[in-house]
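Here is a short tour for anyone who likes to check a model by the numbers. Please take a look at the sequence and structure below before reading on.

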Amino acid sequence: MKKRVRQYAQQIEQGTQDRRHVLKDFSRMLDNQIETIVLFLLEQQGLLASRIAKLGEVHNNLQQEPEINKITELREAYRTVGQDLLNLLYFVEINAIGLRKILKKFDKRFGYRFTDYYVKTRANHPYSQLQQVFKHVGLGAVVGALSRNLHELQDRQGSYLSIYDQPSLPLQFCGDKN
């Protein structure tokens, strides 16, 4: 993308390209890059979710016949999925940084405030893929499922109660003044 920004600058200097065409072409290039990132992200999220679902089946079977060594194996399998999730988050973060840097370079090279325009027009659009990259939309569900299952396994080794078996705050009934 850096090469493309350099080419745009040369084309404008030489008069072979007008600024409007450059903005349009650069926007299209960014949109395509973001789409590639998001499609990969969604594919990986699906694979992680599938792995968590399969581990959930094993987890359910263990509830009927708990075995300490199998619980330990399952916990390690969940941790492996967690490590893969961290790698995916790192991938997203690196790409988000790259997008910010190329937008900053474009603004600096051309003296535009294109970054503000691009982010505002894309972030609020109903089909925006920019939200996936900058706000990690969708990954929260994977994180939640993973942490809930790991926590449940941790509780299972010590006792057979889950955080979902007991409320964290005492229930108050209507009319209670305490």
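How many Å should the 43 residues of H3 span, and how far apart are its end C-alpha atoms?

## A check on helix H3

Keep in mind as we go that this is a predicted model. At 1.5 Å a residue, H3 should span 63 Å, and its end C-alpha atoms are indeed 63 Å apart, so expectation and model agree. Just after H3, Gly111 adopts a positive phi of about 70°.

## Where H3 meets H4

The axes of H3 and H4 come within 8 Å and cross at roughly 135°. Since angles over 145 degrees would be needed for roughly antiparallel, the two helices are therefore oblique to each other.

On the H3 side, the contact is made by Leu103, Lys104, Phe106 and Asp107, while H4 brings Phe114, Thr115 and Tyr118. Sorted by class, this contact has 4 nonpolar, 1 polar and 2 charged residues.

## The nonpolar cores

Let's turn to the interior. The largest nonpolar core has 18 residues, and Tyr8, Phe26, Leu30, Phe106, Phe110 and Phe114 are those with the most contacts inside it. At least two residues of this core come from each of H1 (2-14), H2 (19-64), H3 (68-110) and H4 (114-123), with H2 giving the largest share, 7 residues.

Tyr8 makes a nice example: beyond its neighbours within four places in sequence, Tyr8 is in contact with Val22, Asp25, Phe26, Met29, Phe106 and Phe110. A second, separate core has 16 residues, including Leu85, Leu88, Val92 and Leu146.

Conventions. Residues are numbered from 1 along each chain as its sequence is written. This is a predicted model: local features need pLDDT of at least 70, side-chain atom pairs count only at pLDDT 80 or more; totals for chains, interfaces and linings use all residues. Side-chain values use heavy atoms; hydrogens and water are left out. A nonpolar core is a set of buried Ala, Val, Leu, Ile, Met, Phe, Trp, Tyr and Cys residues joined through side-chain atoms within 4.5 Å. Buried means under 20% relative accessible area, exposed over 50%, partly exposed in between (1.4 Å probe, protein chains only). Helices (H or I, at least four residues) and strands (E, at least two) are DSSP runs, numbered from the N terminus. Contact means heavy atoms within 4.5 Å. Axes are lines fitted to C-alpha atoms, for helices over the stretch in contact, and angles run from 0 to 180 degrees between N-to-C directions. Angles under 35 degrees count as roughly parallel, over 145 as roughly antiparallel, 65 to 115 as roughly perpendicular and the rest as oblique. Ala, Val, Leu, Ile, Met, Phe, Trp, Tyr, Cys and Pro count as nonpolar, Asp, Glu, Lys and Arg as charged, and the others, Gly among them, as polar. The expected span of a helix is 1.5 Å times one less than its number of residues.
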